[in-house]
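Biologist: Could you take me through the cysteines in this model, and then show me what else is worth a look around them? I'd like a close, friendly walk through the details.

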Amino acid sequence: MAMPILRGPILSLILCGGLIVAAISVGTMMMAGEFRERALSNHERELENTVLLLTRHFDQQFEDTEIIANDVIARMQFSDIDSPETFRIWMSSHDSHLVLKSKVSVLSYIGDVGIFDADGKLINSSGTWPLPSISIAGRAFFRNFKSDANLKTAVVEASRNLITGNSTTVIAHRVNGANGVFLGVMARRIEPVHFEKYFASVALGRGSAISMFHRDGTMLARYPHIDSMVGQKFTNAPLLDKVLTAGGRQTLRVQSTVDNMHRLGSAAGLDRFPIIVVATTTVEAALADWQAQTRFMVAAAVLSALVIAFVLFLIIRQVTRQNQESRQRLSLQKQQLDTALNNMTQGLVLYDASARIILCNQRYIDMYGLSTDIVKPGCHFRDLIQHRQNTGSYDGDVDEFCSAIMRNVAQGKLTHMNMESAGRSYLIVNKPLAQGGWVATIEDTTERQNLQQERDRNYAFLRQIIDHIPSQITVKDARDRRYVLANRVAEAQFGRSRDAIVGKTAFDLFPKAAADVLSADDDRMLQSADGLFRDEHADPWQIQASSKRFITSRRIGISDQAGEIRYIINIVDDVTDRRRADEKIAHLAHYDALTDLPNRVLFREQIERELQRTRSGEQFALLYIDIDEFKGINDSLGHHVGDELLKAVADRIRGCLREADLIARLGGDEFAVIQTGVRNVGDVVEFVTRIHELIRQPYQCLGHQLSTDASIGIALAPQDGTDLDQLIKNADLAMYGAKAGGRRTHRFFEPAMDACAKARLAMEQDLRQALVDGGFEIHYQPLVDLRRDEVTGCEALLRWRHPERGMISPAEFVPVAEDTGLIIELGEWVLKTACAEAATWPDHIRVAVNVSPVQLKCPTLALKIASALATSGLRASRLEIEITEAVLIRDDETALTILHQLRDIGVRIALDDFGTGYSSLSYLKRFPFDKIKIDRCFISDITEIDGSSAIVQAVVNIAASRNMTTTAEGVETLEQKQRLRALGCTEMQGYLFSAAKPGPEVRPLFGPRPVTVTAVAR
């Protein structure tokens, strides 16, 4: 029974051996076929890479030549040439030859560059000089350039060299002149030998060839060189046809039309030029390695069969004796090994000395998604890596990687590598074994690296935040006081880079004095539970700086798990700019921005101090100084000149002061001076005289020579007041007294000034109340035509019936109204009321209304008058506006503009009180007044022999010559009326006819009536 039991395994082994031999044979044939195809594919890929390299190389070379050509064209300024003859003359010079030669010498592979005129004749060249007689008129590209102006400027063509007769590649450019006129051609050649030299440097080996073709099939160059083929046109080349039709890079296995051999070929065209690069190799050369490999495989297969037979023999001989023992041992080892391997978190591969797998765990196969059919014991290391490349878990160079690993193993080096695969990271450790071979462990470190990267990102994010905080932030180790962090502000303030700060102590970075301060602050912080804050103090680490810096600092302790302070955070803010800003604000609060003199606030504080000294018997003088006619300078020359004048005046007044005196600018053109240590009035007068003398000296302000003066009011303390406000008010009243006294002088305060000021204030308050209560009246005084003795109009005269003082003269309240601005509102009321009253009168009766100079400064006066006319329904021609000469003296341009606006709407304009003021006849020329009113001072003595009759006659004659009427004011006697009529005066106004009356009383006077009375009671 034993024999059948033994024969079963032995028969199985024999059958298995036969099958293995058969499998080896079949596998050898299949692998040979697969390796053949792989060898062809590898060579095709090599050809494709070669073609890609060559096309990129020549694209760059041709682009360089294009740049040189464009540079030559730009340098020669062809676009400015307007005719071929000019081009021929310009380009035939030896200087042009030198320019061409210098430009072409930049690229050594470019042949001579030739310039041809519009007839195709060579007129210059970068080559020999003088030039040979050459013409390209017969060349196709020349004819095309000449006939087609829209043809692209660069053309590549294969042709024969006109000098040597050899085949060459010509790159030609159409040269255009002004307005696109054809000037000629610039052509450069590249000899085939240049291309072939480069082809030789990348030659693929035996049986390989690299060629360059024009897109029309003409061979431009070939390596190995065959002279008969260069310049020949190949029209039926399948690879060229496929590139021309499909474009891009093409690879074929074809029978060559050049040498009729079966070849592998790859071709691609240049991007910007009509050139195709072709790289081929013979199938025989491509399969040379495969044939050797196949022979090796067949030998290996035969050897394997013999080995199998021998092994089978040994197995059969030993099987009975060792079968049971081997099964038990193998079972135990396999169990132990599988348990160990399958419980590892790492992939593991064990290689023998021949780089073949001894064992491999499942973790490794799962990591890379490998096939257990290939990755198994006996698989060669290179085949394993090749399998990984095929499955996409490795994308590097297989041979290079395997060689590096095996080289390190042979040298006994332990290697660590980090590799990426399918979005995951692996750490590979290769450890050589003493008996040969090595063990490789592969650990998936993706999660660990992700955590590391996340930590790095968080650190970088926090670093960005800290670096962009405008405060200085540093962190120290609390134990050794070394800096562990510093932001950008700290770098700037320390004057050191972050790397130079971290790891150093304060004593390493700063002088000992500064380091001692910082160390002491750290000690104080460690002893405090709430940290340490220091308010504004000097910057301790400021070593070299042009100005002192001030900071605030806050130290915070960061504790570890044990509760001990581990780190010290110091946050420092530079408050220097804020402190300087506060100081500047404080200065601006007490000093004038223009003159840098003390302002009103500081001035009042100084007066308070001086008033306290008066209690001990001292006295001082308070001077209020107003610059005369300053407004005129400001208005005529501009505020910038006025500002310069104020600063100059301030400097001169300051020059008069003693150290204890004080000058201040109160605003506008007003200054104030405190003169201390005054013994008597004489001291003050002497001081004021000195100020006046300096102020009156000429000034040079921005190119203008100016002169001015001042009105000065003086109040003495304590005589004129011991109260601050009272003293200031008295000095102000004295100054206004000086201005009222004709300016350019000084006045000491007198109690009467206060009374006048109070009366004026009371007048102002009563005026305001009268406007509210309607306490004003308008009386109308008739104007009589001297020829017809009838009323032609009335002058509206304002009257104020005060509830306590009775009727107040306009001479008292009108100046106050003008100074306070109330005249604007009061004048509007007069206009509206007078127009409304005149609208009820007969159509031939006009109304005359006086307008203040203040009203004429208002740009809307014409609109207000037009509104009053529209509201009342009064025709504009019935309204007559009376102005005085003072209006034109003060601001004649503005006044004339408004008067012309009034004239345009039809209002009549009369010049009142003519002859009492400046009386410039130029006003009569610049503005055509409708009427001149002769003041009463010329009428009162008109009947006397040495009276004003001649003056009145002159005024009447001037008015008549300019088509103006005249009205005589203040006519009180019949003799005056008759004399005026004899002199030709047009109208009269006065008590001879009627005094001013309210509206209802004046209406009966309208209409003609003889004047029989000699006077009327007033």
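Modeller: Happy to. Let's start with Cys 360: its sulfur lies 9.2 Å from the closest cysteine sulfur, that of Cys 379, and this is too far for a bond. Please keep in mind that what you see is a predicted model. A disulfide would need the two sulfur atoms within 2.5 Å, so at 9.2 Å the sulfurs of Cys 360 and Cys 379 do not qualify. Cys 360 is also buried, with 19% relative accessible area, because the cut-off for that word is under 20%.

Cys 858 gives you a second case. The closest cysteine sulfur to its own belongs to Cys 835, 16 Å away, which is again too far for a bond. Cys 858 counts as buried too, at 17% relative accessibility. For the structure as a whole, the number of disulfides is zero.

Now to the strands. S15, residues 438-444, pairs with S11, residues 347-351, in the antiparallel sense, and five bridges hold that pairing. S15 is also joined to S14, residues 424-432, by seven bridges, and these two strands run antiparallel as well. A good residue to click on is Thr 441 in S15: Leu 348 stands opposite Thr 441, and Val 429 stands opposite Thr 441 too. If you follow the side chains along, it helps to recall that in a regular strand they alternate between the two faces of the sheet. S14 and S15 form a hairpin with five residues between the strands, where Gly 436 takes a positive phi near 100°.

Another strand to visit is S10, residues 275-282, which contains Thr 280. Thr 280 is buried, its relative accessible area being 14%. The side chain of Thr 280 makes a polar contact of 3.2 Å with the side chain of Arg 263.

For a contrast in setting, turn to helix H8, residues 288-342, where Val 311 lies. Val 311 is partly exposed, at 35% relative accessibility. Together with Leu 303, Val 307, Phe 310, Phe 313 and Ile 315, Val 311 makes a nonpolar surface patch of about 540 Å².

So, back to your cysteines: Cys 360 is buried at 19%, Cys 858 is buried at 17%, and the structure holds zero disulfides.

Note on methods:
Residues numbered from 1 in each chain as written. Predicted model: local features only at pLDDT ≥ 70, side-chain atom pairs only at ≥ 80, totals over all residues. Heavy atoms only, no water. Pairing = 2+ DSSP bridges. Helix = DSSP H or I, 4+ residues; strand = E, 2+ residues; numbered from the N terminus. Buried < 20%, exposed > 50% of the residue type's maximum accessible area, 1.4 Å probe, protein only. Patch = residues over 30% accessible without salt bridge, like charges linked within 9 Å, V, L, I, M, F, W, Y side chains within 5 Å. Areas by Shrake-Rupley, 256 points an atom, 1.4 Å probe, with all protein chains shown as cover. Salt bridge = Lys/Arg side-chain N within 4 Å of Asp/Glu carboxyl O. Polar contact = N/O pair within 3.5 Å; in protein donor to acceptor, adjacent residues only side chain to side chain.
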